[in-house]
Each structure stands twice: as structure tokens, then as C-alpha cells.
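Here are some exercises to work through with the model open in your viewer. Try each task before you read its solution.

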Amino acid sequence: MKRFSLLILFVLIFPLSIWGQTTVEDTTGTAPSIKPAKKKPVNKSAEISIDGILTEEELSFYRSDLLPLSLLQRGRLTTNAYRGMPAGFREIEYGGKILYDPFNGFWNAQWLPYYQSGDRWHSLGSNTDYIAPLAPATKKPLTRIVFSQDYVINLSFVDISFSRRLNKTDYFRLSGTNYLTDGSQESNFSSTKVNTYRFQYHREWSKRWHTDLFFWHVRQRYRMLPEFSLSQPELSTGVRDKFKLSGNTAWFTLQGKLGEKDSLVIVPAFRSIADLSWSSNDEARKNRYLTVDLDARYYRKFGNSQAGLKIFSNYARNKPTRIWFRRSEVYGKASAFLEREKGDWQYSLAAGYALHNEQDGAAHFSASLEKKVHDGVQIGAAAFRKNRPVPMLWRTIIFDSTRAPYWQRNMISESGVRGILRFGKKSATWLQIEPFFLQSNDYPVLNTGGSLWEWEKTTYENPGVRVQTGFKLWHFRIREDFTFNDKYNSTFAPQINNNLSAMTTFSLFNNAISIDGIINWHYIGDFQTVNYSRLLNYYAPDGGENGRYNLLDGRVQLNFRDATLFFFWENLLSEDYFIINDTLEGLLIFRFGIDWKLYN
């Protein structure tokens with residue numbers, strides 16, 4: 001039955017390529033995108049192209065400034081700790097929509113469409129990663145098939161997308177993903193199934209106005225060994241825990257110009273989620289979430305600068321059937337901004353206020369200044385302070401003889417300063433140095449050691465530096481990504497997180513086939529093991545020492561005209577490693593697959 005769903009997905013989407021063979025006139029470039037700040041790549045990996053990555057979870061292991069809060073075994077709930085800060089500190093915006101989850105406090109990265117994502121960037125003064133959706137780059141209808149298979153953990157992955165231009169400016173895109181694995185545990189204790197279906201329709205009404213309609217449907221199921229089965233075997237029940245999430249996300253982006261100097265962006269959004277889990281065959285969580293967002297942005301140009309106003313509002317409702325209160329909440333924030341994106345000097349200033357009907361309001365601000373010294377040399381500095389509500393699941397659990405909700409009214413306050421010094425261009429030898437200091441204040445800490453839960457507040461702070469470089473050495477292209485975290489013993493970060501990649505390429509048959517050989521060494525230094533509450537989706541360092549993992553991967557990529565065959569050896573040293581208690585990964589996995597583009 002597992003493999004049968006792969007066939008159904010293929011049958012539903014692949015025939016669209018037949019219908020799409022009618023050609024249309026060519027167009028120039030991709031669709032306009034919302035650019036809240038100057039566009040800058042987050043991960044400068046263009047020098048080394050890595051094919052066959054399955055999900056955002058896998059991609060995060062290639063960034064040294066992220067510690068994946070991964071439950072491992074692939075396909076489970078996952079998020080990231082950004083430079084030592086708790087989950088949710090780093091925000092994500094996709095296609096104009098802020099991916100905000102008021103219930104858990106972070107966005108489940110398994111629900112991000114890796115193969116439907118285009119450019120990624122962030123601005124110096126922002127704590128948000130921006131992801132642009134893909135737009136057709138050719139006049140021809142395109143069907144893209146990405147398939148990957150592994151027989152060690154019975155992993156099967158297929159992503160099929162179809163895009164077609166309706167005329168010079170308008171297009172639509174359909175995609176679906178089926179991701180199955182048995183995991184490394186026996187007796188179906190680590191199986192995973194993720195299905196995603198997505199739709200995008202882009203329409204340009206005139207030279208001034210265009211719209212995008214997005215719809216995502218996601219279903220995710222996974223199983224885990226019982227809680228404490230690895231760290232405290234005597235407390236294990238011997239019965240697997242089960243998790244099931246399903247839901248829909250839809251939003252509409254309207255973007256255009258009101259005049260020669262004025263422009264407007266409006267993004268209404270809707271999301272509904274069913275969140276169910278079982279612990280030892282007992283129902284642990286059965287919640288139904290609903291959110292309605294409205295994001296509006298007004299811009300007015302003044303020469304090379306622009307000013308404006310940004311407003312974000314969110315209505316959230318939880319309809320539980322077990323141990324949570326039924327709750328509806330409203331959260332909103334507004335800010336005025338001034339920024340300059342052109343010329344040798346660039347800057348941004350923003351200040352505003354956030355309100356919540358159940359928590360105290362708070363002010364926020366951000367500022368950045370950048371200078372292009374000369375061609376290929378850039379220097380800059382930035383500071384910010386922002387606030388976000390404490391996740392609803394922590395505040396609305398029903399009080400009983402052992403459990404207690406977080407009752408204080410403060411929001412979580414997050415701040416930081418960052419500098420940047422960059423030499424060289426991405427296409428050649430380059431070096432980028434980013435010192436930083438980040439802080440998360442009034443963060444709730446849960447103590448479950450006593451007879452009754454106790455909540456306290458703490459501050460996480462972490463100074464450090466990230467260094468990235470890329471260069472050519474003989475026949476190899478080298479990519480180094482290194483982050484040092486000073487407060488690794490009290491935050492969500494290793495002392496040293498290092499990714500070193502080397503790639504060599506050679507051609508056969510008069511360049512008809514190019515072959516890439518890539519080796520990646522990922523060193524995770526000393527860090528604190530993370531505790532994870534399966535009931536609250538809550539992460540906290542537990543004080544236990546962990547780390548000094550050497551993870552070595554190798555891959556071979558055969559690049560044809562419209563297809564890439566990839567062969568991937570993961571964890572060549574068979575290193576047993578884990579980040580979160582009661583999870584484990586240690587297998588040498590061999591995976592192969594194809595990334596194939598069909599234009600007709």
C-alpha cells in the first residue's frame with residue numbers, strides 16, 4: 001500500500017505534461033516578487049551544486065549557523081535553533097506570507113516545499129529568511145520529477161511538479177510529494193509518511209498589478225520509540241508513540257502600484273490543522289487549529305530611498321477535545337520604516353509596537369547600515385529587538401495534579417546585533433565574516449522534576465562569529481562554513497559547527513555528460529543535549545554533554561542535458577549521533593535517484 005500511493009501521485013500529475021505540450025510565446029525572466037529588503041543570498045552554495053536533497057530538514061544540516069532540532073529518522077516534526085537561540089527565533093517568509101504558528105511558536109520545516117523554492121535571502125537588519133517561489137523560466141511546459149530510493153531504511157521519495165505558462169505573464173504550477181520510510185527501528189517503530197499537494201496561480205492584471213494564489217495541503221504521519229526508551233529504559237512503556245498532522249494553508253498576494261511613487265502589498269491567509277498524537281496507545285493530543293492572517297505593506301519612494309508602513313494581524317483558535325482550554329486569540333503588530341537600497345551607502349530603520357489580547361504589548365525596532373567600500377568589498381552592522389507571543393499550547397493546557405500552564409503575561413523578547421565584512425564575489429574567491437550577539441529574554445523554562453510542573457523565565461544569550469568562504473584549489477571547488485558559539489554550554493548550539501565541502505567535475509563524450517564528485521565533512525562540536533516534550537512541542541537544553549560528531553557524506557552526480565543522476569553515501573563513518581534525547585541515528589545509508597526535467 002505504501003508504494004501504491006507513489007503510483008497514484010504519478011498518475012494524477014504526470015498526464016498534465018501531455019496537455020501542456022501546446023507552446024506559448026516566450027517571456028522574460030520570472031514573476032515579480034515581494035522584496036521587503038535588499039536581496040541577499042543566505043546560503044551561497046552556487047559554487048557547489050548539491051542535487052538530491054530531499055527536504056528542508058536535510059538542507060539545514062549544511063548550514064553552520066543552524067542546529068537542526070531534528071527528531072532524526074527523517075520526516076518527523078523538525079525545526080531549527082538559529083545561532084543558539086530557541087526554536088521560532090528565526091522567522092520564515094515564503095511567497096509574501098509570514099509562516100507564523102501561534103500554537104507551537106515555530107513552523108514545522110517538513111511543511112516547507114523544498115523543490116518549489118527559488119531564491120533565498122535575508123537583509124542585514126532583519127531576522128527573517130525570505131524564500132521566493134519558483135516561476136517558469138522557459139516558454140515550454142515543464143514536468144519535473146525527483147525520485148530517490150534507499151533500501152537500508154526503505155526510503156522512497158518522489159516529487160512531481162508541473163508548470164505551464166498561459167501567456168507571456170500568467171502561469172500556474174502543480175506539485176505533489178510522497179515521502180515514505182520505515183526508519184532504522186524494527187517493528188514499525190520509526191515509520192514516516194509525508195504527502196504534500198500544492199498549487200500556485202500567478203496572474204498579471206496590468207503592468208502595475210499582479211496577484212498570486214497559493215494552496216498547500218499536507219499530511220504527515222510518523223512513529224517514534226516510547227519516550228525515555230533510550231535515555232531511561234526503565235521508564236519505557238514498550239509501546240510506540242504515534243503522531244498525525246494534516247491541514248490546509250491558503251493565501252492570496254495582491255501587489256501593485258498606486259501611483260508613480262506609491263505601492264501596496266496585501267496578503268490575506270487562512271490555515272487549518274488537525275494535530276493528533278498517541279502515547280502508549282493513549283490519546284495525548286487532539287487539537288484543531290485555525291488561523292486567519294492579514295499582512296499589509298505600503299511603500300512610498302523618495303529618490304533612492306523609500307518609507308512606509310507594515311501591518312500584520314493574526315486570529316488564532318484552538319478547538320481541543322482533551323487537556324487544553326478552548327481559546328481564541330488576536331495578535332497584531334505595526335511598524336513604520338525608512339530604507340535605502342541603492343548606492344554605496346545603504347540603510348534601514350524601522351520601529352513599531354506589538355499587541356496581544358492575552359499578553360502585554362511591547363515595542364520593537366531594527367536598524368542597519370551598509371557600505372560598499374569598493375567593488376567586491378562590503379562592510380555593515382545591524383541591531384534589532386522584536387517580540388513574539390508565548391506559544392498557545394504552553395499557556396492553555398488544563399491545570400491538574402501534575403500539569404500547570406505558563407501563566408505570566410510577558411511576551412518573549414528577542415534582540416541582537418550583527419556585523420558583516422565581505423571580500424570578493426560569489427562567482428570567484430570570496431570571504432564573509434559575521435560577528436553576532438543574540439539574546440532571548442523572558443523565555444519560559446519548564447521544570448517537570450517535581451510533583452507539579454513549574455514554569456520559570458530565563459535568558460538565552462550567545463556571542464559568536466560565522467565565517468564563510470569559497471575558492472578554487474587545483475581541480476576542486478572548496479566551500480567552508482564555520483560558526484563559533486561562545487555560550488554553547490547554555491544555549492541551543494555547539495561550540496563549533498563546521499561544514500567543509502569539496503567538489504570536482506570532469507566531462508565525458510565531448511561534454512555530453514559532466515560528472516561531479518562531492519565530499520562533505522560536518523563537524524558538530526560540544527553542545528548540550530536537548531530535551532523535547534512530545535505533549536507541548538517544547539525544546540530545552542538539559543545540561544547533558546554531547547557532541548564531537550564527525551559526519552562524512554559523499555555523492556556522485558551525473559549531469560545530462562535535462563536530468564541528473566545522483567548517488568549519495570550518507571554517514572560514511574557510521575557515527576552514532578543524536579541532538580534530542582530519545583532519538584538516534586547511526587546507519588550508513590546509500591541513496592540513489594534522479595532529477596529529471598521534461599519540457600515536452
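The exercises below deal with cavities, a surface patch and salt bridges in this predicted model.

**Exercise 1. Describe the largest cavity: its volume, its lining and the strands that contribute to it.**

Solution.
- Step 1: Start with the count. The structure has 13 cavities of 30 Å³ or more, and the largest cavity holds about 800 Å³ of space.
- Step 2: Find its centre. Of the 42 lining residues, Ser-126, Tyr-130, Lys-310, Ala-350 and Ser-366 lie nearest the centre of the largest cavity.
- Step 3: Trace the lining to its elements. At least two residues each come from β3 (91-94), β6 (128-133), β14 (282-302), β15 (305-318), β16 (327-340), β17 (345-356), β18 (362-374) and β19 (377-388). The largest share, seven residues, is supplied by β16.
- Step 4: Sort the lining by class. It has 16 nonpolar, 12 polar and 14 charged residues.

**Exercise 2. Do the same for the second largest cavity.**

Solution.
- Step 1: The volume of the second largest cavity is about 340 Å³.
- Step 2: Its lining has 24 residues, and Glu-58, Phe-61, Arg-74, Glu-570 and Tyr-577 are the closest to its centre.
- Step 3: Two or more lining residues come from each of α3 (56-60), β25 (513-524), β28 (549-559) and β29 (563-570).
- Step 4: By class, the lining of this second largest cavity splits into 10 nonpolar, eight polar and six charged residues.

**Exercise 3. Which residues make the nonpolar surface patch of about 490 Å², and is Ile-519 buried, partly exposed or exposed?**

Solution.
- Step 1: Select Ile-519, Trp-569, Leu-572, Leu-573, Leu-588 and Phe-590, which together make the patch.
- Step 2: Place Ile-519 in the fold: this residue belongs to strand β25.
- Step 3: Recall that a patch residue needs over 30% relative accessible area. Ile-519 has 39% relative accessibility, so this residue counts as partly exposed.

**Exercise 4. Take three salt bridges, Arg-285 with Asp-275, Arg-403 with Asp-400 and Lys-457 with Asp-442, and classify each partner by its accessibility.**

Solution.
- Step 1: Keep the total in view: there are 32 salt bridges in the structure.
- Step 2: Begin with Arg-285 and Asp-275, whose closest N and O atoms are 2.9 Å apart. This pair links distant parts of the chain, with Arg-285 in strand β14 and Asp-275 in strand β13 (residues 262-279), 10 residues apart.
- Step 3: Apply the cut-off for buried, which is under 20% relative accessible area. Arg-285 has 2%, so Arg-285 is buried; Asp-275 has 2%, so Asp-275 is buried.
- Step 4: Turn to Arg-403 and Asp-400, where the closest N and O atoms are 2.7 Å apart. Arg-403 is buried because its relative accessible area is 19%, whereas Asp-400, at 25%, is partly exposed.
- Step 5: Finish with Lys-457 and Asp-442, whose side chains meet at 4.0 Å, N to O. Lys-457 lies in strand β22 (residues 454-473) and Asp-442 in strand β21 (residues 430-447), 15 residues apart, and the pair links distant parts of the chain. Lys-457 is partly exposed at 39% relative accessibility, and Asp-442 is partly exposed at 29%.

**Exercise 5. Which residues are joined into one network by salt bridges that share partners?**

Solution.
- Step 1: Look for the arginines of the network, Arg-63, Arg-83, Arg-90, Arg-418 and Arg-466.
- Step 2: Add the acidic members, Asp-65, Asp-129, Glu-434 and Asp-481, to complete the network.

Note on methods. Residues are numbered from 1 along each chain as its sequence is written. This is a predicted model: local features need pLDDT of at least 70, side-chain atom pairs count only at pLDDT 80 or more; totals for chains, interfaces and linings use all residues. Side-chain values use heavy atoms; hydrogens and water are left out. On a 1 Å grid over the protein atoms alone, a cavity is a set of points where a 1.4 Å probe fits but cannot get out, and a pocket is an open set with protein on both sides within 12 Å along at least five of seven lines; lining residues have an atom within 4 Å of a point. Grid points are joined across faces, edges and corners, and a volume is the space filled by probe spheres set on the points. Helices (H or I, at least four residues) and strands (E, at least two) are DSSP runs, numbered from the N terminus. Ala, Val, Leu, Ile, Met, Phe, Trp, Tyr, Cys and Pro count as nonpolar, Asp, Glu, Lys and Arg as charged, and the others, Gly among them, as polar. Patches are made of residues with over 30% relative accessible area and no salt bridge: like charges are joined within 9 Å, nonpolar side chains (Val, Leu, Ile, Met, Phe, Trp, Tyr) within 5 Å. Accessible areas come from the Shrake-Rupley method with a 1.4 Å probe; for residues, only the protein chains shown count as cover. Buried means under 20% relative accessible area, exposed over 50%, partly exposed in between (1.4 Å probe, protein chains only).
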